[in-house]
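Grab a pencil and work through the exercises below with the model open beside you. Each one sets a task and then walks through a solution.

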Amino acid sequence: MHVNNEHDLMFCSLVGNQHLFHHDAKANFVLSGFCVAPDAGIKFLKDLQRSPESAACDNTFNTPNMRSGIKKIFKSIGIKKFETLFDMSMRSPEKISKKNKGMNLMMTQLLCMISPGGSSQAIQVMKLLRSDDGAIFKKQAEQCLCHWVQRIKENVKEGSPILLMGKDALTLLNKTAFDSQSGEYKCTMMLGQKNNLPDSLYAYMNRKYSILPVIHASGINYKKNEERWYEKSERRRVHKALLNKFGDHHIDIQAPVLMTGQAT
């Protein structure tokens with residue numbers, strides 16, 4: 001499925017490792033981003049010829065910039081095996097057991113690929129979704145958000161932490177009204193609203209899980225952004241939440257410190 005207006009393009013690109021989880025072996029930790037990047041989305045389409053499941057897994061955050069940034073985020077919040085957690089999370093289902101007390105990480109995106117004029121910038125995606133020209137994209141994006149909720153509810157234990165990367169992802173959840181009373185999920189984007197919605201998708205999901213906003217993986221690759229992130233109280237709150245959830249076997253007891261002048 002795809003939508004386009006001869007300048008902007010959106011197509012179904014359900015990348016993520018959700019296929020590794022099921023009712024007997026659920027994830028207990030989620031990493032979620034805003035939107036599938038064009039580079040990863042195009043690779044996903046090419047890999048569909050092999051198998052949908054492999055294409056979805058292999059192209060999860062599939063750019064060098066994103067994968068290096070994710071590992072920096074993991075390190076910054078005290079995950080002890082930050083260098084291997086991403087790679088370990090792409091393994092086969094038999095590696096994931098309901099008896100496993102470790103970190104079973106599910107990775108997914110809020111939105112399928114939306115590329116305004118070839119751009120991969122979230123700010124341009126938000127601008128498109130707010131515009132009159134973005135009406136056809138908005139309808140599909142609302143369906144993406146409903147599917148995101150469904151993926152998490154089917155594959156993730158309630159109460160699990162959800163690392164949400166970037167301000168745009170947080171804004172999107174806070175400015176999307178969510179209704180599940182009819183028996184079917186309904187998401188309605190209201191991006192023009194000045195204040196956060198009381199019946200937002202964020203409020204609904206944060207009651208059932210624990211949404212923890214973090215810096216975006218592409219942003220942390222800039223030295224100044226990384227330094228500012230290490231100074232933020234939000235980072236320490238994420239560290240504390242993960243330490244309480246997984247214990248010191250998986251999480252450093254003290255919040256990590258960024259060493260000045262040290263390459264990370």
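How many bridges join strand E2 (residues 8-11) to E5, and do the two run parallel or antiparallel?

Before solving, some housekeeping: this is a predicted model, where local features need pLDDT of at least 70 and side-chain atom pairs count only at pLDDT 80 or more, while totals for chains, interfaces and linings use all residues. Residues are numbered from 1 along each chain as its sequence is written, and side-chain values use heavy atoms, with hydrogens and water left out.

**Exercise 1: solution**

Step 1. Helices (H or I, at least four residues) and strands (E, at least two) are DSSP runs, numbered from the N terminus. Two strands pair if DSSP finds at least two bridges between them.
Step 2. E2 and E5 are joined by four bridges and run antiparallel.
Step 3. One of the partnerships to look up: Asp8 has Pro116 as its bridge partner in E5.
Step 4. Now check the faces of E5 (residues 113-116): Met113 and Ser115 on one side, and Ile114 and Pro116 on the other, are all buried. Buried means under 20% relative accessible area, exposed over 50%, and partly exposed in between, using a 1.4 Å probe and protein chains only.

**Exercise 2.** Work out the strand order of the four-stranded open sheet, and which strands stand at its edges.

Step 1. The order is E4-E3-E6-E9, with parallel pairing.
Step 2. E4 (105-111) and E9 (210-214) are the edge strands; each has a single partner strand, so one side of each lacks a neighbour in the sheet.
Step 3. From one strand to the next, the twist averages 25°. Axes here are lines fitted to C-alpha atoms, for helices over the stretch in contact, and angles run from 0 to 180 degrees between N-to-C directions.
Step 4. Zoom in on one pair: E3 (residues 29-35) and E4 are parallel over six bridges, and Phe29 has Leu105 as its bridge partner in E4.
Step 5. Add the helix. H6 (residues 135-155) packs on the sheet and touches E3, E4 and E6 (161-165); contact means heavy atoms within 4.5 Å. The direction of H6 makes about 165° with that of E4.

**Exercise 3.** Describe the surroundings of Leu163, and say whether Leu163 is buried or exposed.

Step 1. Leu163 sits in strand E6.
Step 2. Its relative accessibility is 0%, so Leu163 counts as buried.
Step 3. Leaving out residues up to four places away in sequence, Leu163 touches several others, including Phe29, Val30, Phe74, Leu212 and Val238.
Step 4. Ser32 is 131 residues away along the chain, yet the C-alpha atoms of Leu163 and Ser32 are separated by 6.1 Å.

**Exercise 4.** Find how many disulfides the whole structure holds, then look at Cys57 and Cys146.

Step 1. A disulfide is a pair of cysteine sulfur atoms within 2.5 Å. The search finds zero of them.
Step 2. For Cys57, the nearest cysteine sulfur is that of Cys12, 15 Å away. Cys57 is buried, at 8% relative accessible area.
Step 3. For Cys146, the nearest cysteine sulfur belongs to Cys187, at 3.1 Å. Cys146 is also buried, at 11% relative accessibility.

**Exercise 5.** Compare Glu6 and Phe61: what is the phi of each, and is each buried or exposed?

Step 1. Most residues other than glycine have a negative phi.
Step 2. Glu6 has a positive phi of about 70° and lies in the loop between E1 (2-4) and E2. At 81% relative accessibility, Glu6 is exposed.
Step 3. Phe61 has a positive phi of about 45° and lies in the loop between H2 (52-58) and H3 (64-76). Phe61 is buried, at 4% relative accessibility.
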